[in-house]
Amino acid sequence: MATAERWMRALAIGAPLLLVATMGLRAALPPMGLLPAAITDPDMARADYVEQCAGCHGVQGSAAPAQLPELRGRVGWFLCTPDARAYLLRLPNIAHSRIKDNQQLADMMNYVVFGLGGASAPKDAAPFTAEEVARERQQALSTTTLKAERARQVDAAIRQCGAPASLRLLYPGQKG
């Protein structure tokens, strides 16, 4: 059998299997949320997320079992208190993002918290604004304080907003 023919046969068998596996993964993730009208360019916001964040957090906001926070269906809880909201914008990779336009960064963060966060975003939460991004990114967190600060913000979201205790884990189902 010729190499090209073997390759085509493998593709014919492998592509449907990959599609089924991907569909199964998508079915396991919480649904995407509605994006706020405040996002000036939703396609650009998603593209910015993919370029700036998806390498670690996954294109769909889930990179479990990687040892970093899962965003899908969870990150919206950080909008429930002013401190937790500011925390998201002060994260080093956000505050020091290569995206210098504050509105563009606000749009990307709105894609993250409302789109990827889905139902975890409080119904009455206001979208991030360019002014808010400009103010908060001036107070970037250091990488040495991230773990403790995340824990503090998660505890507040659990106490004050009814966030699930599983938010303490980096991703659902995390072991020890």
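Student: How far does α6 reach from its first C-alpha to its last?

Tutor: Keep in mind that this is a predicted model, where local features need pLDDT of at least 70, side-chain atom pairs count only at pLDDT 80 or more, and totals for chains, interfaces and linings use all residues. Residues are numbered from 1 along each chain as its sequence is written, and side-chain values use heavy atoms, with hydrogens and water left out. Helices are DSSP runs (H or I, at least four residues; strands are E, at least two), numbered from the N terminus, and the expected span of a helix is 1.5 Å times one less than its number of residues. α6 has 15 residues and an expected 21 Å, and its reach comes close to that, at 20 Å.

Student: How many of the residues of α6 are buried?

Tutor: Buried means under 20% relative accessible area, with exposed over 50% and partly exposed in between (1.4 Å probe, protein chains only). The buried residues run from Leu105 on and include Met108, Asn110 and Leu116. Their cover includes α2, α4, α5 and α7. That makes α6 mostly covered, and its buried count out of 15 is 12.

Student: At the start of α6, which residue's backbone nitrogen does a side-chain oxygen of Asp101 reach?

Tutor: This is a polar contact, which is a pair of N or O atoms within 3.5 Å; within protein, one must be able to donate a hydrogen and the other to accept it, and residues adjacent in sequence count only if both atoms are side-chain atoms. The oxygen of Asp101 comes to within 3.1 Å of the backbone nitrogen of Gln103.

Student: Which helix gives the most to the largest nonpolar core?

Tutor: A nonpolar core is a set of buried Ala, Val, Leu, Ile, Met, Phe, Trp, Tyr and Cys residues joined through side-chain atoms within 4.5 Å. The largest one here has 36 residues, and Tyr49, Leu88, Met108 and Phe128 have the most contacts inside it. At least two residues each come from α2 (42-52), α4, α6 and α8. With nine residues, the top contributor is α6.

Student: Leu88 is one of those well-connected residues. Leaving aside its neighbours within four places in sequence, what is Leu88 in contact with?

Tutor: Leu88 is among the buried residues of α4, and the buried residues of α4 pack against α5 (92-95), α6 (102-116), α7 (130-136) and α8. Contact means heavy atoms within 4.5 Å. By that rule, the partners of Leu88 are Val75, Phe78, Ile94, Met109, Val113 and Phe128.

Student: Which two cysteines does the disulfide join?

Tutor: The whole structure holds one disulfide, defined as a pair of cysteine sulfur atoms within 2.5 Å. One end sits in the loop between α3 (54-57) and α4 (82-90), the other in helix α8 (residues 146-161), and the two are 81 residues apart. The link is right-handed, with 90° about the S-S bond. With S to S at 2.2 Å, the pair is Cys80 and Cys161.

Student: Why is Cys53 not bonded to Cys56?

Tutor: Cys53 counts as buried because its relative accessibility is 12%. As for a bond, its sulfur is too far from the closest cysteine sulfur, the one in Cys56, because the distance is 8.7 Å.

Student: Is Gln139 buried or partly exposed?

Tutor: Gln139 lies in the loop between α7 and α8. Its side chain makes a polar contact of 3.0 Å with that of Arg90, and its C-alpha is 7.8 Å from that of Ala95, 44 residues away in sequence. Because its relative accessibility is 42%, Gln139 counts as partly exposed.

Student: What is the phi of Gly162, which follows α8?

Tutor: α8 has 16 residues and reaches 21 Å, close to the 22 Å expected. Its buried residues include Val154 and Ile158, and α4 is part of what covers them. The phi of Gly162 is positive, near 75°.

Student: Over which residues is the pLDDT below 50?

Tutor: pLDDT is the predictor's confidence in each residue, from 0 to 100. The chain averages 88, and 84% of the residues score at least 70. The low stretch has one contact in the model beyond near neighbours in sequence, and it covers residues 17-27.
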